[in-house]
Amino acid sequence: MTSAIEVVESYRAALGKGDIGAARKLMQDDMSFQGPLDTFNTADQYLAAAGRLASIIQRIDVKKTFVDGSDVCVLYDMVTNTPAGTAFIAEWYQVRDGKIGALRAVFDARPFAVMFGG
């Protein structure tokens, strides 16, 4: 059985390479996402939005990862090529049956709100 951290690290690596297909295989169909700008109830909805966001990301600098059973928390700086600059983000992944079942992202969305019509 694959551990929660292995699932999350594989998922993040796939997204980082732009391999949406590989990332999708690591997500439950009914994966839920909650963030300050959007909420999604399926993996496909989330990946469509993540694909649009990818064009503004210069790099991700992981600061710390915490694991508690099937829960994984990743703290990182998302460096963008926009006036919003760098955002410190906390992501809480919940893994079930070897795939990501839920993801919650927390960050200060104010610098990004203008870009997304808010």
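## Notebook: pocket, sheet and core

I began with Asp44, which counts as partly exposed at 48% relative accessibility. Partly exposed is the class between under 20% and over 50%, so 48% falls inside it. The model I am working from is predicted. I placed Asp44 in helix 3. Next I looked up its distance to Asp29. The two are 15 residues apart in sequence. In space, C-alpha to C-alpha, Asp44 and Asp29 are 7.5 Å apart.

**Entry: the sheet**

I moved to the strands. In what order do the 6 strands of the open sheet stand? I read the order as 2-1-6-5-4-3. The pairing is mixed. Strand 2 (39-40) and strand 3 are at the edges, and each has a single partner strand, so one side of each has no neighbour in the sheet.

I then went through the pairs. Strand 1 pairs with strand 2 in the antiparallel sense, over 2 bridges. I noted Phe33 with its bridge partner Phe40 in strand 2. The link from strand 1 to strand 2 is a hairpin through 4 residues.

Strand 1 pairs with strand 6 in the parallel sense, over 4 bridges. I picked out two positions here. Met27 is opposite Ile100 in strand 6. Gln34 has Arg104 of strand 6 as its bridge partner.

At the other edge I checked strand 3 and strand 4. They pair in the antiparallel sense over 10 bridges. Val67 is opposite Val72 in strand 4. These two strands form a hairpin with 2 residues between them. Gly69 sits in the turn, and I logged a positive phi of about 65 degrees for Gly69.

**Entry: another positive phi**

I found one at Asp97. Its phi is about 50 degrees, positive although Asp97 is not a glycine. I traced Asp97 to the loop between strand 5 and strand 6. Is Asp97 buried or exposed? Its relative accessible area is 69%, and the cut-off for exposed is over 50%, so Asp97 is exposed.

**Entry: the edge residue Thr39**

I picked Thr39, which lies in strand 2. Its relative accessible area is 51%. Exposed means over 50%, so Thr39 is in that class. Which residues does Thr39 touch beyond four places in sequence? I listed Phe33 and Gln34. I also took a distance to Lys17. Thr39 and Lys17 are 22 residues apart in sequence and 24 Å apart in space, C-alpha to C-alpha.

**Entry: Asp77**

I turned to Asp77, found in strand 4. Its relative accessible area is 18%. Buried means under 20%, so Asp77 counts as buried. I pulled its contacts, leaving aside neighbours within four places in sequence. Asp77 is in contact with Arg59, Ile60, Asp61, Lys63, Thr86, Ala87 and Phe88.

**Entry: the largest pocket**

I looked up the pocket volume. The largest pocket comes to about 800 Å³. It is lined by 32 residues, and the closest to its centre are Tyr46, Ala50, Leu53, Ile57 and Met78. I then sorted the lining by element. Those that give two or more residues are helix 1 (4-16), helix 3 (43-53), strand 3 (57-68), strand 4 (71-80) and strand 5 (86-96). Which element gives the largest share of the lining? Helix 3 does, with 6 residues. By class I have 24 nonpolar, 4 polar and 4 charged residues in the lining.

**Entry: the largest nonpolar core**

The largest nonpolar core has 32 residues. I asked which have the most contacts inside this core. They are Tyr11, Tyr46 and Tyr93. Two or more core residues come from each of helix 1, strand 1 (27-34), helix 3, strand 4, strand 5 and strand 6 (99-106).

I followed up Tyr46. Not counting residues up to four places away in sequence, Tyr46 touches Tyr11, Met27, Met31, Phe33, Phe40 and Leu103. Two of those names were already in my strand notes as bridge partners, Phe33 and Phe40. Met27 was there too, opposite Ile100. Tyr46 is also in my pocket entry, among the residues closest to the centre. I closed the notebook on Tyr46, one of the residues with the most contacts inside the core.

Methods. Residues numbered from 1 in each chain as written. Predicted model: local features only at pLDDT ≥ 70, side-chain atom pairs only at ≥ 80, totals over all residues. Heavy atoms only, no water. 1 Å grid on protein atoms, 1.4 Å probe; cavity = no way out; pocket = protein on both sides within 12 Å on 5 of 7 lines; lining within 4 Å. Points joined across faces, edges and corners; volume = space filled by probe spheres on them. Nonpolar A, V, L, I, M, F, W, Y, C, P; charged D, E, K, R; others polar. Pairing = 2+ DSSP bridges. Core = buried A, V, L, I, M, F, W, Y, C linked by side-chain atoms within 4.5 Å. Buried < 20%, exposed > 50% of the residue type's maximum accessible area, 1.4 Å probe, protein only. Contact = heavy atoms within 4.5 Å.
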